[in-house]
Amino acid sequence: MEQQKKMEESFLRAHREFVSNLTRSLELLEKDISEVVDMEQTCTDEWCQATESVLDELAKLIYSISEPRWLGKEDSDKIKKLRNRIHDLYAQYKKASAA
């Protein structure tokens, strides 16, 4: 029983670190997209392709996160927020790429 508890704690730490890293990645991407929108620049093909690729990969990662039974509400809420943020970032990206 003690061994299982240690294993769950280890998984939880790794899970939280993974979610934290995804959050930082979204923040960096969000900043990049916002700068393009704020400067009202035309989206270059290279930037659009790279940004869309990163968005796609982050979305795959975020939506593939399973929520183990031992995951607390706070951690579950973080995943839901990440899913909402990636959706919002797609909308921002579409706005920037249409400019």
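Which residues have the most contacts inside the largest nonpolar core? In this predicted model, they are Leu 26, Ile 33, Trp 47, Leu 55 and Ile 86, within a core of 21 residues. At least two residues of this core come from each of helix 1 (2-39), helix 2 and helix 3 (73-98). The greatest contribution is that of helix 1, which supplies seven residues. In soluble globular proteins, nonpolar side chains tend to be buried together. For Leu 26, the contacts beyond four places in sequence are with Leu 58, Ile 62, Leu 82, Arg 85, Ile 86 and Leu 89.

Helix 2 was examined in further detail. This helix comprises residues 45-63, 19 residues in total, and extends 27 Å from its first C-alpha to its last, close to the 27 Å expected at 1.5 Å a residue. Its buried residues are Trp 47, Cys 48, Thr 51, Leu 55, Leu 58, Ala 59 and Ile 62. Viewed down the axis of helix 2, these buried residues fall within an arc of 105 degrees and therefore line one face of the helix. The face turned away from the buried side bears exposed residues, namely Asp 45, Glu 46, Gln 49 and Lys 60. Two of the buried residues of helix 2, Leu 58 and Ile 62, are also in contact with Leu 26.

Among the buried positions of helix 2 is a threonine, Thr 51. The relative accessible area of Thr 51 is 3%, and this residue is therefore classed as buried, the cut-off being under 20%. A polar atom of the Thr 51 side chain lies 2.8 Å from the backbone oxygen of Trp 47. When residues up to four places away in sequence are not counted, Thr 51 touches Leu 29, Asp 32, Ile 33 and Tyr 93. One of these, Ile 33, is also listed among the core residues with the most contacts.

A search of the whole structure for aromatic pairs returned one. This pair is formed by Trp 47 and Tyr 93, whose rings are tilted, with a distance of 6.2 Å centre to centre and an angle of 35 degrees between the planes. Because Trp 47 belongs to helix 2 and Tyr 93 to helix 3, the pair ties together parts that are 46 residues apart in sequence. Both partners are buried: Trp 47 has a relative accessibility of 16%, and Tyr 93 has a relative accessible area of 3%. Tyr 93 thus appears both as the aromatic partner of Trp 47 and as a contact of Thr 51.

Definitions and conventions
Residues numbered from 1 in each chain as written. Predicted model: local features only at pLDDT ≥ 70, side-chain atom pairs only at ≥ 80, totals over all residues. Heavy atoms only, no water. Helix = DSSP H or I, 4+ residues; strand = E, 2+ residues; numbered from the N terminus. Expected span 1.5 Å × (residues − 1). Buried < 20%, exposed > 50% of the residue type's maximum accessible area, 1.4 Å probe, protein only. Arc of directions from axis to C-beta. Core = buried A, V, L, I, M, F, W, Y, C linked by side-chain atoms within 4.5 Å. Contact = heavy atoms within 4.5 Å. Polar contact = N/O pair within 3.5 Å; in protein donor to acceptor, adjacent residues only side chain to side chain. Phe/Tyr/Trp six-rings, centres within 6.5 Å; stacked < 30°, edge-to-face > 60°.
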